[in-house]
Amino acid sequence: MIIRQVAEAFQALEGTTKRLEMSRILASLFRATPKEEVDKLIYILDGRLGPPYTALDFGVDEKFLIVALADAARASRSRVEEIYKKKGDLGLAAEELLRGAGRGLNFREAFEALSRVAEATGPRAHERKTAIISDLLQRSSGLEARYIVRILQGRLRLGVGDAMVMDALSEAVVGDRSVRADIERAYSICSDLGLIGRILFIDGPRALEQIRPQVGRPILSALAERLPTPQVVIDKMGPVQAEPKYDGLRLQLHKDGDNVRFFTRRLEDVTGMFPELAKAARQQLKSERAIVDGEALVYNPETGEYLPFQITVRRKRKYGIEEMELRYPLRYFAFDLLYVDDQDLTRKPLTQRRRQLEALVQRHVDDPIQVTEQITTGDPKALERYFVDQVALGLEGLVVKKPDSTYQAGQRSFNWVKLKRAYRAELRDTVDLAVVGYLVGKGKRAQFGIGSLLAAVYDPEHERFRTITKIGSGLTEVEWAEMRRMLDENRTPTRPPQVDSLIEPDVWSWPKYVLEVQADEITRSPRHTCGKTGDEPGYALRFPRVVTFRWDKRPEDATTEKEILEMYSMQTATEVEKPRRVAGGRKRAA
Ligand code: ATP
């Protein structure tokens, strides 16, 4: 396939915000793609060269691209800069500078060239990267160059998410959505849409059934619903297995002999950041191969206390791991076993998975890897007592699970329910919101050019972000400045296609960052689109403030519109017991 076809389809995708139309464009692009190249196209649509859990670093910044572009266009650097300034987008500048028909560049060749750019390391990497990019651009037409430059910048931004790719794949292969559910199931097990596309096109939809968990490929995390009280939990779920809810970092552990890897729930490979856990896994896990689900936490050995989420995440920063290791040792609480020695456990009941997990982990009191404790009960009073005990220990609450449930990868279901102390008092649970833009404002911070953030929940069914609040507090001045810098880096001149908003902020920003936000309550509001249907008002947050950044979440992992509606009904159900307004909530160290 020539890259021209891909570039034209990208242009058509950019030209519409209608989901159905976008999915149609994608489906016909898939149909036109040779079978062996479908996986590559799927990765490129995500701005990548492989699935999300593989590293991607082109190692080129803007200055670098300007040099390569000047070289390809035989123009001076200042000329490139001038056009870039005029266009406000380096991709558009490349298009103007390289006007012309291109040379029928092949999509596969372009993909390979991009891979070579990413792979070039070592002393002369810079020159080699420039030469490859410059050659690639010289062989491209203007439109093709637009997208090559954006891919290299990490700014392809077509508004095409996983769900749309899955829709389009089904359309392309069978002409309708009838294999969409099978695609999603396979995706939740292997997290690699490229692989799925390849299997679909080469072996057909039935071959998807053969996709099984495999060490090294993260499985999408099962997620929990919310319920307000132990009584409601037992009424709805019957007897449950209840476990402490740790406020740490969700990590999936993959062991293959001595090779141990860790993945976050946004599918990042963070192995390098947890060396002591990898070592512990080699020593403590008795099987050759295993995939374990759990929560990592730092603890203070002097007090025996577990430290909050933020400190766990701070460890993730690449530098100073050793120092952090000494100051804050890690614990990993394993709560599920998804795969062990060639046995797929995701379809087995929780009770069996748990039994095998206990047999797998060899442990003494002070070992880094522990298996979460648990009780099984059908008595609301016993559940309440267990809950109170955990909260007294400083934990968030409980996660209660249906003993006979399978592991629902990638799904938020009532197989798992979180019962948090935040629901107990009059306090609300926090929500995680994607930032879609900012307003300059008039107050004190207007001098910094940022007054409030426009924040949104996610609606996975329509793959859109719907606004719920403007946030003006909770960050320090330094954090506001940093926030502005980050949002400016992702600014777009018009509303991103996947954002549904009635409010027009001063600056639109491509959804990328997630903030955890505490608010006093959820109210109905005509100004926000969250939960809005027809002329009915939507939902908004009252007195929102930022609690922390959620680096571990992608924007698509933000609280969903549906969860807000559920929280709203829980809130109105407990309204009678709510005599006063209380500020605060789950506290996390800054
Ligand atoms: P929250 O912000 O409330 O932690 P979340 O959006 O990060 O929620 P949820 O799926 O809603 O994620 O809540 C479940 C999370 O709780 C899991 O992702 C996991 O990180 C954490 N957790 C802590 N202890 C447990 C446990 N024993 N079993 C399952 N999950 C647990």
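Okay, quick definition before anything else: strands here are DSSP runs of E, at least two residues long, numbered from the N terminus. This is a predicted model, with local features needing pLDDT of at least 70 and side-chain atom pairs pLDDT 80 or more, while totals for chains, interfaces and linings use all residues. Residues are numbered from 1 along each chain as its sequence is written, and side-chain values use heavy atoms, with hydrogens and water left out.

So, the ligand. How many residues surround the ligand? It's 20, counting a residue if one of its heavy atoms lies within 4 Å. The closest are Arg250, Glu295, Lys418, Lys420 and Lys553.

Where does that shell come from? Strand 12 (412-420) gives the largest share, four residues. Strand 1 (223-226), strand 2 (240-245) and strand 11 (397-401) are also among those supplying at least two each. Domain 1 (223-420) and domain 2 (431-573) each put in at least three residues, with bounds from an automatic or database domain assignment.

Now the polar contacts, meaning N or O pairs within 3.5 Å. Arg250 has a polar side-chain atom 2.7 Å from a ligand oxygen. The side chain of Glu243 has an N or O atom 2.9 Å from a ligand nitrogen. For Arg265, a side-chain N or O atom is 3.1 Å from an oxygen of the ligand.

And burial: on its own the ligand exposes 590 Å², and the protein buries 96% of that, by Shrake-Rupley with a 1.4 Å probe.

Notes:
Polar contact = N/O pair within 3.5 Å; in protein donor to acceptor, adjacent residues only side chain to side chain.
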